[in-house]
Amino acid sequence: MRIRKIINLVKICVILWLILSVGIGAVSAEGPVWTAKPGWDVPSVGQAAKPAFADLDNDGDYDLLISERFGVSFGYENTGNATSPIWTAKPDWGVPCVGMGAKPAFADLDSDGDYDLMIGEGPSGISYAYENTGNSTSPIWTEKPGWNVPSVGRGAKPAFADLDSDGDYDLLVGEGPYGRTFGYENTGNASSPIWTAKPGWNLSSVGNGASPALADLDGDGDYDLLIGEGLSGVSFAYENTGSASSPHWTMNPSWEIPDVDKAAGPALADLDGDGDYDLLIGRFAGFSHGYENTGATPTATTVPVTTPTPKHEEEEETPTPTTALVPVMPWLIMIVVAIFLVYKRKDKKER
Ligand SMILES: [Ca+2]
Ligand SMILES: [Ca+2]
Ligand SMILES: [Ca+2]
Ligand SMILES: [Ca+2]
């Protein structure tokens, strides 16, 4: 009788473990396969490199801005082409120090056909906006406080995408010490953004120094997500198992990228023109490492975005680690059940 009870309890534990490990909602087997591509690497910019892609000279290939730990952002022109990038320093496109732990993100925020810029900052937790007052072939970054995103605490790391398919850019902003990511809906419009907190899009902690990057990784027409982590250097993957107008983030470990040392800062763009997203991950040592997506090319990457081309982002960090709650829970439950059984047994014996 008692053996049957124990067997039943073990069964319940196993089922709970499966449910909690897999999460709610099925994830896709299709999607990216990341293969190191040293030819795309970018030399060190100092510490905690955070790249962001955009075609800054409107010649049809992705260029780069890489921010670093001490708040400076460096421009790189792609002097190769849309299928084979070569990164050449372009000081004119850089941004002077914004503070500490800078992380850039690009989007055309005023719908005038050129990329504007947001740079997340460390101690203030504010994401500072810059309007492109140059043009689509020659950017000039001019501070635009009206577009700033209020503080998320420390270590702000913004990433843009139209998350509700209404034709304007929305935001995710990662945060430093606790590794959380916050959603912001653009409740203004495509030429004048207003950032309104949208808790339904938030993500729980990945540990520390969350650095999000958004792109459609499985070619199903909605944005998926990578979040770089500060201490482990892992970039965690989330598949959008909701829809293009209502995202639901479900962890998909088969898409994640292992350790790059620490302060992982992923940025996504199609670097070889084969129709899928490739990857650059900034790391603490200041380098950015290239990864080619060698998975099966997903058909039609038709993410609804208003302006130029889709693009994506990065992070920095320091303090408190927190281990992911989900993998720990099943073990906790099993330990509690085991203790309960031992006590029950002892109790019976004593009686
Ligand atoms: Ca270009
Ligand atoms: Ca613009
Ligand atoms: Ca939107
Ligand atoms: Ca998708």
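The legends below describe close-up views of a predicted model.

**View 1. Strand 3 and its burial.**
Strand 3 spans residues 63-67, and 5 of its 5 residues are buried. Both faces of the strand are covered. On one side lie D63, L65 and S67, and on the other L64 and I66. I66 also belongs to the largest nonpolar core, where it is among the residues that touch the most other members.

**View 2. Strand 2 paired with strand 3.**
Strand 2, residues 50-54, runs antiparallel to strand 3, and 5 bridges join the two. Two of the partnerships can be located by residue: P51 is bridged to I66, and A54 is bridged to D63. Like its partner, strand 2 is mostly covered, with 5 of its 5 residues buried. K50, A52 and A54 point one way from the strand, while P51 and F53 point the other way. Residues of both sets are buried, the lysine K50 included.

**View 3. The hairpin of strands 3 and 4.**
Strand 4 covers residues 73-78 and pairs with strand 3 in the antiparallel sense through 4 bridges. One of the bridges links L64 in strand 3 to Y76 in strand 4. The two strands form a hairpin, with 5 residues between them. Within the turn, G71 has a positive phi of about 95°.

**View 4. The open sheet of strands 6 to 9.**
Four strands make up an open, antiparallel sheet, arranged in the order 6-7-8-9. Strand 6 (103-107) and strand 9 (141-143) are the edge strands, each with pairing on one side only. From one strand to the next, the twist averages 30°. In general, strands of a sheet pair through backbone hydrogen bonds, in either a parallel or an antiparallel sense.

**View 5. The edge pair, strands 8 and 9.**
Strand 8, residues 127-132, pairs with strand 9 over 3 bridges, in the antiparallel sense. Y130 has E143 of strand 9 as its bridge partner.

**View 6. V173 in the largest nonpolar core.**
The largest nonpolar core holds 82 residues. Those that touch the most other members are I66, V173, L214, I227, Y238 and L268. Neighbours within four places in sequence aside, V173 is in contact with G120, S127, V149, V152, A156, K157, P158, T181, F182 and Y184. One of these contacts, S127, lies in strand 8 (residues 127-132). As a general tendency in soluble globular proteins, nonpolar side chains are buried together.

Key. Residues numbered from 1 in each chain as written. Chains lettered and ligands numbered in written order. Predicted model: local features only at pLDDT ≥ 70, side-chain atom pairs only at ≥ 80, totals over all residues. Pairing = 2+ DSSP bridges. Axes fitted to C-alpha atoms, helices over the stretch in contact; angles between N-to-C directions. Core = buried A, V, L, I, M, F, W, Y, C linked by C-beta atoms within 7 Å. Buried ≥ 20, exposed ≤ 12 C-beta atoms within 10 Å, placed from the backbone. Contact = placed C-beta atoms within 7 Å.
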